[in-house]
Amino acid sequence: MRLAYIVSRFPHASETFIARELRALEGVRGDEVELMSLFPPVDPKVHPSAAPFVDRLFRPGVGEALAALGWWSLRRPFRLATSIGIMLREHVRSRRVLPRALVTIPLAAAHARAVQRGVDHVHAHYATYPALAAWLSWRLTGTPYSFTAHAHDIFVDQSMLRRKLADAAFTVTVSDYNRRFLSEYGDPARIHVVHAGIDTAAQPFRPRSVPVEGPVRALCVASLQEYKGHVVLLEALAGSPVLERVALDLVGGGPLRSGLESRARELGLADRVRFHGSATEDAVRDQLDRADLFVLASIVARSGQMEGLPVVLMEALAAGLPVVATRLSGIPELVADGQTGLLAAPGDAAALRDALERVVSGDFQPDLTQGRALVEEQFEAAEAAARLRELFATAQGGLQQTSSTLATTT
């Protein structure tokens, strides 16, 4: 089976899980996966796990995309026109999404030409523009598609979501929470939970306990965006005598950095909060090794954007760190509140402060071995890839059976 993956951007600093998934997929049976992207990367940083795929990446330029659109308009004019009409009708009420959806059409036409050259199945990461490209490719070529839904791609805007779910061979999502959400728009029997996994062998397990006295190194690895809750985290650290010995390392880049630096100064935290910017996987692993605890203060942003199931929490638990996070989306499926970590109400700085104080004071001792075991059992990249491969094969088998039945009856 020849697979093609469609993503928005590649490489992308906060989406190293896609590169891990591709590497694991190729390791399942040695199949080579063709990688396609829609838009240029915004961060020049290339993580080691992504490097092997960069040279193989197909991202059509403007001329190539327009030429492909013209090619399909000559060969499948009715199908192309009706597909564009469907897309416009489904997005007409979403002025924020429609412009990029329009830009996606010629790019998807170029992808469809590549798919036509022997690809058996197309899989997209994210339910927005990549899934739209996979859908249009299916409309033009007949090659079945599927997609993985994560978080912002389903929670912020649901344009065309019902149709994408209905036309896909199957859909994958990263948590039971997401599956329940998607089941309001599509057939739950065709929506499967496959966790975005990590390579636990690459993350040494070293159980940590917070020092009884002296400095405490807290770590947060998250892009500097509203839904990651950095403002709430800074407010939780301020004004607590128990947390005065906590120094916070913030790893991740994003548009809110200057505002967060200003807020840290206003709260008197400037000398206790270090901004490191985006980092490679190896650098993140080093930060995890040096930390005493991990914290992620995820919230629901004003736009509706929120977490799916943060991969970095898997990495923190696998490393043996006490974890403090929020009770949001799929996070409770990973962090068992009161057992492997503590969960606070999203957006509640006082509740987050209380949870951090319990860990720093030694009042709460998480079961770190249980946390590692959970990640090994349910969030291993190789196991996730094997499950995906089964779904691809099942979809392909169903298509072949349908084709055979049609051939027999015509």
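Let me start with helix 10 (residues 230–237), which lies across strand 7 (216–221), strand 8 (246–251), strand 9 and strand 10 (293–295) and runs at about 170° to strand 8. Helices (H or I, at least four residues) and strands (E, at least two) are DSSP runs, numbered from the N terminus, while axes are lines fitted to C-alpha atoms, for helices over the stretch in contact, with angles from 0 to 180 degrees between N-to-C directions.

A word on the source: this is a predicted model, in which local features need pLDDT of at least 70 and side-chain atom pairs count only at pLDDT 80 or more, whereas totals for chains, interfaces and linings use all residues. Residues are numbered from 1 along each chain as its sequence is written, and side-chain values use heavy atoms, with hydrogens and water left out.

The sheet beneath helix 10 is the next topic. It is an open sheet of six strands in the order 9-8-7-10-11-12 with parallel pairing, where two strands pair if DSSP finds at least two bridges between them. Its edge strands are strand 9 (273–277) and strand 12 (341–344), each pairing on one side only, and neighbouring strands are turned by 20° against each other on average, direction ignored. Strand 11 (residues 323–326) pairs with strand 12 in the parallel sense over four bridges, and V324 has L342 of strand 12 as its bridge partner. Helix 13 also packs on this sheet, touching strand 7, strand 10 and strand 11 (contact means heavy atoms within 4.5 Å), and its direction makes about 160° with that of strand 11.

How, then, does helix 13 meet helix 15? The axes of helix 13 (residues 311–319) and helix 15 (residues 368–378) come within 7 Å and cross at roughly 130°, and the two helices are therefore oblique to each other, given that angles under 35 degrees count as roughly parallel, over 145 as roughly antiparallel, 65 to 115 as roughly perpendicular and the rest as oblique. M314, L317 and A318 of helix 13 make the contact with G371, R372 and V375 of helix 15.

Turning to the other sheet, this is an open one of six strands with the order 2-1-3-4-5-6 and parallel pairing. Strand 2 (33–39) and strand 6 (191–193) stand at the edges with a single partner strand each, so one side of each is left without a neighbour in the sheet. Helix 6 (residues 129–141) lies across strand 1, strand 2, strand 3 and strand 4, running at about 160° to strand 3.
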